[in-house]
Amino acid sequence: FNFNLRHYSMGLLLVRSATFLAGAIAFTALIKQFGTGAATAVGTARKSLTVMLSLVVFPKPFHVNYVGGVVAFLAADLVFLWLKAKRTTEAVTLPKRVNG
């Protein structure tokens, strides 16, 4: 193994580990401050932006499957939001049980 390559590799590993640690700390703080729903939404948005950025940085020929994927993602997101709103509304409108 080349000495310079080994140092470069160890440097990259150190940077990667530090960014993973920072991400885990930020995610944990997000959960503590805003709950799991917000943390999940932020994680999903981060992944979506990563995919979009990769398409910009590493251009690929356009394919109709990209449109289908975006439509499927947005449809799933809307269904999730609708179900959550429905669940919240039901929880508010249902009478509370009284023991006895």
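Is Val71 buried or exposed? Val71 counts as exposed, because its relative accessibility is 52% and the cut-off for exposed is over 50%. Here are some notes to help you find your way around the rest of this predicted model.

1. **The overall plan.** Start with the whole chain, which has three helices and zero strands. Read from the N terminus on, the elements run α-α-α.

2. **Burial and surface.** Of the 100 residues of the chain, 4% count as buried. The chain exposes about 9200 Å², and carbon and sulfur atoms supply 73% of that area.

3. **Helix α2.** This helix covers residues 36–57. A simple check on its length works out nicely: at 1.5 Å a residue, its 22 residues should span 32 Å, and the end C-alpha atoms are 31 Å apart, so the two values agree. If you are looking for buried positions in α2, Ala39, Gly43 and Ser48 are buried there.

4. **A nonpolar patch.** Which residues form the nonpolar patch on the surface? They are Val51, Leu55, Phe62, Val64, Tyr66, Val67 and Val71, and together they have about 660 Å² of accessible area. Two elements, α2 and α3, give two or more residues each to the patch. Helix α3 gives the most, with four residues. Val71, the residue from the opening question, is found in helix α3 and is part of this patch.

5. **An aromatic pair.** The structure holds one aromatic pair. Phe62 and Tyr66 form it, with 6.2 Å from centre to centre and 75 degrees between the planes. The pair counts as edge-to-face because its angle is over the cut-off of 60 degrees. Both rings belong to residues of the nonpolar patch described above. Phe62 is exposed, with a relative accessible area of 63%, whereas Tyr66 is partly exposed, at 33%.

6. **Asp77 in helix α3.** Helix α3 runs over residues 64–93, and Asp77 has its place there. Is Asp77 buried, exposed or partly exposed? Asp77 counts as partly exposed, because its relative accessibility is 34% and that class lies between the 20% and 50% cut-offs. How far apart are Asp77 and Ala41 in sequence and in space? They are 36 residues apart in sequence and 9.7 Å apart in space, C-alpha to C-alpha.

7. **A tip for viewing the helices.** An α-helix has 3.6 residues a turn, so residues three or four places apart point the same way. You may like to keep this in mind when you look at helix α3 and its four patch residues.

Definitions and conventions:
Residues numbered from 1 in each chain as written. Predicted model: local features only at pLDDT ≥ 70, side-chain atom pairs only at ≥ 80, totals over all residues. Heavy atoms only, no water. Buried < 20%, exposed > 50% of the residue type's maximum accessible area, 1.4 Å probe, protein only. Patch = residues over 30% accessible without salt bridge, like charges linked within 9 Å, V, L, I, M, F, W, Y side chains within 5 Å. Areas by Shrake-Rupley, 256 points an atom, 1.4 Å probe, with all protein chains shown as cover. Salt bridge = Lys/Arg side-chain N within 4 Å of Asp/Glu carboxyl O. Expected span 1.5 Å × (residues − 1). Phe/Tyr/Trp six-rings, centres within 6.5 Å; stacked < 30°, edge-to-face > 60°.
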